[in-house]
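Student: Could you walk me through one part of this model in detail? I'd like to look closely at the salt bridges.

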Amino acid sequence: MNFSGRATLQLGASLLMLASAWAQADDNVTFWVRMQDSAVAQPLVKAWNGSHKEQISLTVIPNDDFITKFGTAAASGNVPDILAVDLIYVPQLAKAGQLTDITDKAKALPFANTLSKAHMRLANANGRQYALPFSAEGSVLLYNKGLYKKAGLDPNNPPKDWATIEANAKKITALGGGVKGFYFSGACGGCQIFTFAPYIWASGGDILSADGKTATLDKPQVKDALEFYHRMWSSGQISAGSKTDNGQNFINTFLTGKVGMVGTGAFAIGLLKREHPEIDFGITPFPGEKGGTGSFAGGDSIAIPKGSKHADVAYQFMTWCLSDAVQTEYFAKNGSIPVRSDLGPAYYKDDPRLKIAFDAFSAGQAPYSDKFPQLINDNNGPWATLVQDAVYGGDVNAAVKKAQTRFNEILSSK
Amino acid sequence: MIASLSRRQAIAGGLFVAPCLAMIAVFFFVPLAMTLWMSLHDWPLFGPRSFSGLANYVQLLQDASFWDSLWFTTRYTLLVTPALFIAAFILALVVQQPGRLSGLFRTAYFLPVVIGMSAASLLWVWLYNDQVGIFSAILMQLHLIDEPVQWFDSANSALLSIVAMVTWKMTGFTMVLLLVGMQAIPEDLYEAARIDGANRWHQLRYITLPLMRQTFALALTVSVIGSYLAFDQFYIMTHGGPQNSTIPVVFWIYRAAFTYSRVGYASAMSVVLLLILIVMSFVQLYLLRSDD
């Protein structure tokens with residue numbers, strides 16, 4: 001065979017392989033998750049592919065780009081077959097008609113009444129269900145027991161009101177050597193809803209009305225919580241880097257061992273045990289001003305985008321993820337809160353701190369709004385700006401008034 | 001025969017140009033036309049869209065946030081462009097001298113250009129970090145400060161911190177443009193000037209600078225356009241903070257499209273920005289046109 005003959009054959013073979021790969025790729029069920037879920041999603045998909053004929057291709061997308069990427073995919077009509085998305089985006093996607101209605105199937109699930117209430121509520125629009133829970137995360141207050149001891153505080157008696165947090169923070173800061181009593185990421189809207197709003201909820205207040213259509217920032221609990229943070233900032237209990245931290249140091253500062261208390265997620269328990277065994281830590285629910293507890297119930301919901309080419313397999317996968325075995329083996333045993341309340345013990349049986357996180361998540365809440373990205377998650381939006389203006393600026397009343405107006409403008413927009 | 005040859009040449013020429021034209025059509029004119037079309041619609045990121053005529057443009061005229069971000073971008077451009085030019089011009093003068101190490105220095109100064117803007121921004125976020133960053137550590141070692149500097153703490157210091165990063169990142173590119181201009185000046189002119197008694201300053205003032213006018217025009221246009229389109233460094237380094245004081249116009253467009261889900265409105269902003277850049281580029285090229 002001459003050279004051109006061989007080249008033609010090789011080219012033909014390559015094209016055939018390409019076409020076959022293309023066809024195979026088209027047959028695969030596509031599944032998009034954000035980076036945050038990749039650690040749990042990867043073994044999950046591997047297990048599914050090992051036991052099912054229908055193969056799933058997993059795509060992990062950076063957290064911040066997720067909605068951008070899904071938006072462009074939806075505009076071009078090239079959506080994934082399955083989508084695991086931050087639960088707070090579900091109302092927006094459901095309202096825009098981007099998700100498949102799964103109401104009847106969801107109601108028929110034998111464990112339907114054990115599914116995370118926060119996830120189910122946010123996935124429900126006008127009585128129809130558009131998603132199921134996928135992963136869970138609850139926010140809690142993390143404290144350094146070693147610093148508590150050094151400061152003469154009882155490490156087994158975490159704060160149960162704001163005055164104690166302030167008093168403890170002052171004693172810890174007084175240790176000197178760069179140690180600070182408290183920390184939070186001050187330029188991060190998502191971090192504030194996760195770790196600051198629970199103080200408001202625990203005190204009986206809220207930032208939105210129950211129907212999610214009106215701002216309630218002018219309620220006294222919001223102002224009081226902002227003043228509580230402002231007092232800690234202005235009296236030097238919080239390190240200066242907090243003001244410009246857009247979430248990059250959300251947990252990092254605590255890992256230095258020089259921070260007394262920080263709001264964070266249940267994920268931190270596993271992280272600290274695995275990578276910082278030298279830090280002796282405790283966790284507690286966020287307290288209200290004079291008692292009570294609050295938590296943000298977060299995580300991802302799983303849904304079938306409209307236009308999915310494999311909706312049946314997608315639904316099978318969704319319910320498989322919720323099965324006893326998968327929730328126990330791939331979520332609970334890997335340190336991820338199961339989204340079914342009946343499977344909690346598999347998660348927390350070995351560590352009482354996990355029980356606190358599980359209870360915080362189970363009792364936690366998440367605001368329902370199809371404007372959540374603009375209101376809350378946007379680091380330049382009114383929620384993040386409220387905390388910046390009030391906590392660092394100090395004029396709490398003016399900051400609240402401005403944010404209340406801006407919230408309602410956004411909520412009343414189309 | 002001549003006519004037929006030229007027709008054949010024209011066809012051949014057309015075929016050679018065709019791939020390039022196709023690329024420009026697909027990657028420039030089609031997106032541009034789509035942007036124009038989208039700007040005339042109420043076009044959400046998700047859900048149905050509807051024709052809205054010039055409503056987006058009318059709203060844009062009254063949108064103080066857009067004009068604020070345009071003014072902020074202008075301030076950024078006014079800071080970063082001279083910084084780039086001065087640094088690049090000095091470096092170009094240094095590395096144009098023949099010498100064994102000039103090639104090495106040219107490469108060294110150009111190296112930051114090959115790093116992506118996002119990667120460079122992330123790198124500098126950590127250099128500026130108050131806990132592990134090297135800048136604060138050096139200043140503390142020199143006993144110039146007692147506590148780490150919060151570089152992004154105020155609007156001005158955040159802006160200047162980004163200007164410093166971009167100057168480091170892009171000086172090499174402007175340097176290469178200026179170097180090409182410098183090397184295009186015939187050596188005879190300098191030789192004649194030296195014979196006439198011109199010193200180095202005279203040669204720079206009366207030969208180098210005037211003859212580099214077109215190079216300056218090109219470098220200035222590229223720098224101004226690049227500055228007006230700045231996004232990555234602000235998105236990564238300051239996220240628009242503190243208190244929304246560092247939001248350039250492209251960042252605002254991004255927010256309109258992907259945070260506020262208003263793709264049509266974001267398209268209208270893009271069209272207006274494009275028009276502003278076209279006018280500015282024409283003005284710059286006109287002002288720095290060659291006397292010939």
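Is A:K290 buried or exposed?

Tutor: Happy to help! This is a predicted model, in which local features need pLDDT of at least 70, side-chain atom pairs count only at pLDDT 80 or more, and totals for chains, interfaces and linings use all residues. Residues are numbered from 1 along each chain as its sequence is written, chains are lettered from A and ligands numbered from 1 in the order in which they are written, and side-chain values use heavy atoms, with hydrogens and water left out.

A:K290 is exposed, at a relative accessible area of 76% (buried is under 20%, exposed over 50%, partly exposed in between, with a 1.4 Å probe and protein chains only). Its salt bridge partner is A:E289, with 4.0 Å between the closest N and O atoms (a salt bridge puts a side-chain nitrogen of Lys or Arg within 4 Å of a carboxyl oxygen of Asp or Glu). A:E289 is partly exposed at 30% relative accessibility.

Elsewhere, shared partners join A:R34, A:D86 and A:D300 into one salt bridge network. A:R34 reaches A:D86 at 3.5 Å between the closest N and O atoms. Because A:R34 lies in strand β1 (residues 29–34) of chain A and A:D86 in strand β3 (residues 82–86) of chain A, this pair ties together parts 52 residues apart in sequence (strands are DSSP runs of E, at least two residues, numbered from the N terminus). A:R34 also pairs with A:D300, N to O at 2.6 Å. A:D300 lies in strand β12 (residues 297–303) of chain A, so that pair ties together parts 266 residues apart in sequence. A:D300 is buried at 0% relative accessibility, and A:R34 is buried at 10%. A:D86 is buried too.

Conventions:
Helices (H or I, at least four residues) and strands (E, at least two) are DSSP runs, numbered from the N terminus.
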